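Below is a short report on one model. It moves from local backbone features to the interface and the core.

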Amino acid sequence: MLPASEPRPHGATLTWAGCWRGARAMLAVLPPVFVFGVAFGIAARGIGIEGWLASLMSALVFAGAAQFAVLDLWKIPVPWLPLLVATFAINARHILLGASLRALCRGLPAWKVYGAMALLSDLNWAALIAAERRGERDLGYLVGGGLMMWLTWVSATVIGAVAGGLTLDDVKTYALDLVLVAFFATTLVGLRRGRIDDLPWLVAGLAAMGAVWLLPPNWHVMVGGLAGGLAGLVRDEMKRR
Amino acid sequence: MNITDSLLVVFAMALVTYATRAGGIFLVGFVPMSTRAEAFLRYLAGSVLVALVVPATVRGGPEGYVAVGVAILGTLVLRKALPAIALGILAAALWRASMGAS
């Protein structure tokens with residue numbers, strides 16, 4: 001999958017062709033996104049959230065893990081602080097994802113960059129940085145992939161809120177959560193540059209597992225990512241001396 | 001929860017979430033461009049992905065290891081993500097079926 005236009009060394013682009021490539025890269029993960037969306041619609045109805053409100057939440061928040069977490073905090077009076085802290089903690093990993101896209105935003109107008117970031121999520125980000133290694137320079141890749149996911153996520157929430165039948169346990173038996181892990185794993189293969197990545201990735205994996213065991217839920221991506229990045233940086237510094 | 005509170009919660013969540021999405025590229029704009037910063041961001045991308053994959057694989061148990069292992073091997077051999085993911089899931093399903101039968 002080579003970019004249609006000649007990749008420019010010092011600038012990024014945002015084109016329809018890029019959107020299309022990004023959208024196609026999402027095909028494998030749309031089924032699990034759909035099923036989780038349906039599950040969210042059902043779960044939301046289950047605790048008394050109206051269908052239109054659950055759908056609005058999917059459309060505006062567009063972050064599955066945070067949306068599921070908030071269902072536990074859907075109480076009167078509204079537990080504002082836990083609710084906002086949970087939302088931030090679960091989504092804080094986006095900050096790292098966005099930071100790593102710096103080169104792919106270079107030279108683009110701010111409205112395009114900040115518009116594209118509205119659709120940033122783990123899956124289309126992973127697809128984009130794997131494609132970047134193959135020469136992709138089009139931020140549309142993120143937008144197209146994000147739009148596909150957004151459409152799937154919102155329509156699935158609507159369907160789940162209207163219909164019923166599935167629960168989260170069923171989702172697990174259908175091994176759909178494994179599709180997402182397998183998807184991330186394949187992008188990891190494309191991202192590997194060689195032995196230079198061994199140490200940072202090892203540290204990232206260990207730190208992420210440590211965070212799973214020792215910290216509250218949902219910090220492992222942040223902790224692992226930062227630890228791996230710093231490990232690479234420190235190693236390079238020590239080599240230079 | 002009444003409609004006003006519900007809508008406020010949804011809008012607040014949307015705002016916080018968008019802040020995390022836009023925050024990365026915003027904050028990194030304050031860091032002067034250097035080879036060191038570039039290298040860090042490149043390590044960061046791979047490390048974030050590892051931090052996503054490793055705990056999820058471990059949590060998946062034996063099926064997680066089979067799915068991820070086969071998907072990685074499949075990508076290396078086939079050079080295509082989609083069939084590699086399919087093979088990984090198939091292998092995990094077969095593994096589960098064979099374990100369930102015994």
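A:Phe62 sits in the loop between helix H3 (51-60) and H4 of chain A. Helices (H or I, at least four residues) and strands (E, at least two) are DSSP runs, numbered from the N terminus. This is a predicted model, in which local features need pLDDT of at least 70 and side-chain atom pairs count only at pLDDT 80 or more, while totals for chains, interfaces and linings use all residues. Residues are numbered from 1 along each chain as its sequence is written, and chains are lettered from A and ligands numbered from 1 in the order in which they are written.

## Backbone features in chain A

A:Phe62 is not a glycine, yet has a positive phi of about 50°. A:Phe62 is buried, with 22 other C-beta atoms within 10 Å. The cut-offs are these: a residue is buried if 20 or more other C-beta atoms lie within 10 Å of its own, exposed if 12 or fewer, and partly exposed in between, with C-beta atoms placed from the backbone.

A:Asn218 also is no glycine and has a positive phi, of about 80°. Its loop runs between helix H13 (198-214) and helix H14 (220-240) of chain A. A:Asn218 is partly exposed, with 19 other C-beta atoms within 10 Å.

Where is the cis peptide bond? A:Ile76 and A:Pro77 are joined by it, with omega about -10°. A:Pro77 lies in the loop between helix H4 (64-71) and H5 of chain A.

A:Asn91 belongs to helix H5 of chain A. A:Asn91 counts as buried, with 23 C-beta neighbours inside 10 Å. A:Asn91 and A:Ala66 are 25 residues apart in sequence, but 7.0 Å apart in space, C-alpha to C-alpha. Two residues are in contact if their C-beta atoms, placed from the backbone, lie within 7 Å. Leaving aside neighbours within four places in sequence, A:Asn91 is in contact with A:Ala63 and A:Ala66, and across the chains with B:Val16, B:Thr17 and B:Thr20.

## Annotated spans

UniProt, in an unreviewed entry, places "transmembrane region" at residues 25-47, 53-74, 81-101, 143-168, 174-191 and 198-215 of chain A. For chain B, UniProt (unreviewed entry) lists residues 6-28, 40-58 and 64-95 under that feature name. UniProt positions are given in the numbering used here, feature names are shortened, and annotations may be inferred rather than shown by experiment. Four of these spans are tabulated by helix and strand content and by the distance between their end C-alpha atoms.

| Span | Helix | Strand | End C-alpha distance |
|---|---|---|---|
| Chain A, residues 81-101 | 86% | 0% | 30 Å |
| Chain A, residues 198-215 | 94% | 0% | 25 Å |
| Chain B, residues 6-28 | 100% | 0% | 34 Å |
| Chain B, residues 64-95 | 94% | 0% | 10 Å |

## Domains of chain A

Chain A is assigned domain 1 (16-191) and domain 2 (194-241). Domain bounds come from an automatic or database domain assignment. The C-alpha centres of the two domains of chain A lie 24 Å apart. Their contact takes six residues from domain 1 and five residues from domain 2. On the domain 1 side, helix H5 (80-91) and helix H6 (93-99) of chain A are the elements that give two or more residues. That side divides into five nonpolar, no polar and one charged. Here Ala, Val, Leu, Ile, Met, Phe, Trp, Tyr, Cys and Pro count as nonpolar, Asp, Glu, Lys and Arg as charged, and the others, Gly among them, as polar.

## The A-B interface and the core

How many residues does each chain give to the contact? Chain A gives 68 residues and chain B gives 56 residues. Helix H12 (residues 176-191) of chain A supplies the largest share of the chain A side, 12 residues. The chain A side holds 49 nonpolar, 14 polar and five charged residues.

The largest nonpolar core has 108 residues. Such a core is a set of buried Ala, Val, Leu, Ile, Met, Phe, Trp, Tyr and Cys residues joined through C-beta atoms within 7 Å. A:Val181, A:Ala182, A:Phe184, A:Ala208, B:Val53 and B:Ala67 touch the most other members. Helix H2 (residues 35-59) of chain B gives this core its largest share, 12 residues. Domain 1 (16-191) and domain 2 (194-241) of chain A each give at least three residues to this core.

A:Ala208 has contacts in both chains. Not counting residues up to four places away in sequence, A:Ala208 touches A:His220, A:Val221, A:Val223 and A:Gly224, plus B:Val50, B:Ala51, B:Val54 and B:Pro55.

## Confidence

The model scores ipTM 0.89 and pTM 0.86. Chain B has a mean pLDDT of 91, and 97% of its residues reach 70 or more. pLDDT is the predictor's confidence in each residue, from 0 to 100. In chain B, confidence is highest in helix H1 (residues 3-28), at a mean of 96, and lowest in helix H4 (residues 81-101), at 86.
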